[in-house]
Amino acid sequence: MNGPLALWKRTAAQALPRFGPLLALVLMCAALGVFSEHFLSIDNLLNVFRQSAVNALLALGQLAVIVTAGIDLSVGSILGLSCVLAAMALKAGSAPALGIVVALGVGACLGLTNGLLLTKLRLPHPFIPTLGMMNVARGLALVLTGGFPISELPWGFRYWGAGTLWGVPVPVWLVVASCLLFHLFLTRTTPGRDLYAIGGNRQAALLCGVPVDGRLILAYGLSGLMAGAGAVVLAGRMNSGFPLAGVGAELDSIAAVIIGGASFFGGVGTVLGTLVGALIMGVLRNGLNLLNVSAYWQTVVIGAVIVAAVWVDVVRQRAAARR
Amino acid sequence: MLFALVVGWLGWGCRRAGTSKLEIVLVTKALDSEFWQRLKTGAEQAARQDPQVRLSVLAPEREINIDQQVAILEDQIHKKVAALAVAPAGVAEVLPVLDKARAAGIPVVIVDTDVPWPHRVSFVGIDNRLGGRMAAEYVLRAIGNRGKVAVIRGVLGVATQEERLAGFREVVTKAPGVEFVGAQPANSERALGMAVMENLLTRHPDLRAVFATNDQMALGAMEAIAARNLTGKVVLVGFDAGREAVRAVLAGRMDAVVAQFPERIGERAIQEAIKAARGQPNEKFVDIGTGLVTRHNAPELLRKMEASAAGRSD
């Protein structure tokens, strides 16, 4: 491997892992700014943030799972069930705050259940319990509502999805706060760092005295909790707890984490990268919407971006192995 | 880099086209069925009548992706288009974004599925309840007013689906010899329609008739009926009357289908949207009308549909 391509690959391999996704995001915004006069306005950028908020929240939880070399396929369905139960609680006359507690609580409990199924039943791969939960939670959401959306929610609840604070949509504040908390948790606390250790080498982590099972249960619990948070935002935004909320959202959240530079093999991944990953997807969808490109093409483009992002990761690892 | 090129190419196309004055956007629930494709064709034909109008037709990937439709609408509202025509994927879920359109001064025509939103300048669609009643009357005649009947329905809570079901139920429950065994949802998708039909036939081996509230589900149900060699024994009625369904009626694999005329819906929706964009008065309710397609009138309808499809490709 000689010549300019190899050189380019080496240079890219050194620079890209850290700033690759961010760079891609900036380039994309610049390109879209050139082609659509509507793109680079404050209003529209706030739209992008608002539209990306649910995915960003889910992706943060997904990140905690993916760094352990796991995967959580149930977040979209947990979001749906949390939406529905919160809406039912609100319709039964509970206060908005209680509705939020219901959504978060349901999410966290289902997430913890995922973790318990994985560790205590010794199911062979996180794919299995979370795939099961994906179906169970969606099914329950449909059963409980008979399939009907539960709409017209009180403003105190809707505020978290549809309100604004100091000119910025509330969901955006929630994402910012969650990012800070997740960053601190993953980098500054023992349980957080343990998640990376488990993903890097589970056996070694076990030998070093990391309580692997407990940490895994925590990671899946966090993922569920974030699905509950996503439910509050989505139900608030749409003014409705609908049982089909979040269909396919698990794949979007996984995509955001992967585009953001995390590795499926565990041990690697940052909060900033994940946020950027979610924003890349949001910017793509928004920009292509502004350019009147059909949703089908958007899917094609996002698929290509996922593959490209992982390819960059592969190139980087190969270059690192050569050095 | 590649991305920039792709966006550049797409963006260039849009920019060049974007010089006309009146930008109208039609947002449907999806574009994955013949119904929406034909509605889009009608809309495009109406837009071509007026050289000042530039029409874009957008949709989420699937009818259940309500949040994606909301995002599309938000982005179009941000662009301050001249008028919107919307087929709402969720009746309550789109209300907040419709209010945003109103706040931005953009007139909204509601298409196909009505919503309880008093600010719409017009509703263009059909009387779905009447369509459901037509299906029921056909079913009652076909089964001689005796036996079990079921419904396979689309996404719950969507007005078009509720109305079709209500119309059907209203008529069949009045017939004393008929037992209505229930309405099962199949999200307007073909594969789900087939699965639901299989389950219905297992649960009720003596089922006499099924009404599927759109073509896709009817076509799926048709395969499930055929797989059990029950074609002609279980009466099957669909809704929409796309070409595939009309051909199935002609072949005797489906008994009847309630016809919608989606080209006409699309055309009238865009005409109303153009009027609204120009500040001209609107017709509040544009009823496109329905009809029942059976073996007797299917050949004629199919000929017409094929002629208009051939005309389109020129």
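Two residues are taken to be in contact if their C-beta atoms, placed from the backbone, lie within 7 Å. With that in hand, a walk through this predicted model can begin.

Chain B is a good place to start, as it is divided into domain 1 (20–126 + 262–288) and domain 2 (128–259). Taken over C-alpha atoms, the centres of these two domains of chain B are separated by 29 Å. Where they meet, ten residues of domain 1 of chain B are in contact with 15 residues of domain 2 of chain B. The domain 1 side of this meeting place is made up of four nonpolar, two polar and four charged residues.

Between the chains, 38 residues of chain A are in contact with 33 residues of chain B. On the chain A side, two or more residues each come from helices H1 (3–35), H2 (42–66), H10 (212–238), H12 (271–290) and H13 (295–322). By class, this side of chain A has 19 nonpolar, 16 polar and three charged residues.

Within chain A, helix H5 (residues 127–145) invites a look of its own. Its 19 residues reach 27 Å from the first C-alpha to the last, close to the 27 Å expected at 1.5 Å a residue. Buried residues of H5(A) include A:Pro129, A:Met133, A:Ala137, A:Arg138 and A:Ala141. The buried residues lie on the same side of H5(A) because they cover an arc of only 155 degrees around the axis. Their cover includes helices H3 (75–91), H4 (96–120) and H11 (249–259) and strand S1 (150–151), also of chain A. On the face turned away from the buried side, A:Asn135 and A:Val143 are exposed. After H5(A) comes A:Gly146, with a positive phi near 65 degrees.

How values were computed:
Residues are numbered from 1 along each chain as its sequence is written. Chains are lettered from A and ligands numbered from 1 in the order in which they are written. This is a predicted model: local features need pLDDT of at least 70, side-chain atom pairs count only at pLDDT 80 or more; totals for chains, interfaces and linings use all residues. Helices (H or I, at least four residues) and strands (E, at least two) are DSSP runs, numbered from the N terminus. Ala, Val, Leu, Ile, Met, Phe, Trp, Tyr, Cys and Pro count as nonpolar, Asp, Glu, Lys and Arg as charged, and the others, Gly among them, as polar. The expected span of a helix is 1.5 Å times one less than its number of residues. A residue is buried if 20 or more other C-beta atoms lie within 10 Å of its own, exposed if 12 or fewer, and partly exposed in between; C-beta atoms are placed from the backbone. The arc is that of the directions from the helix axis to the C-beta atoms. Domain bounds come from an automatic or database domain assignment.
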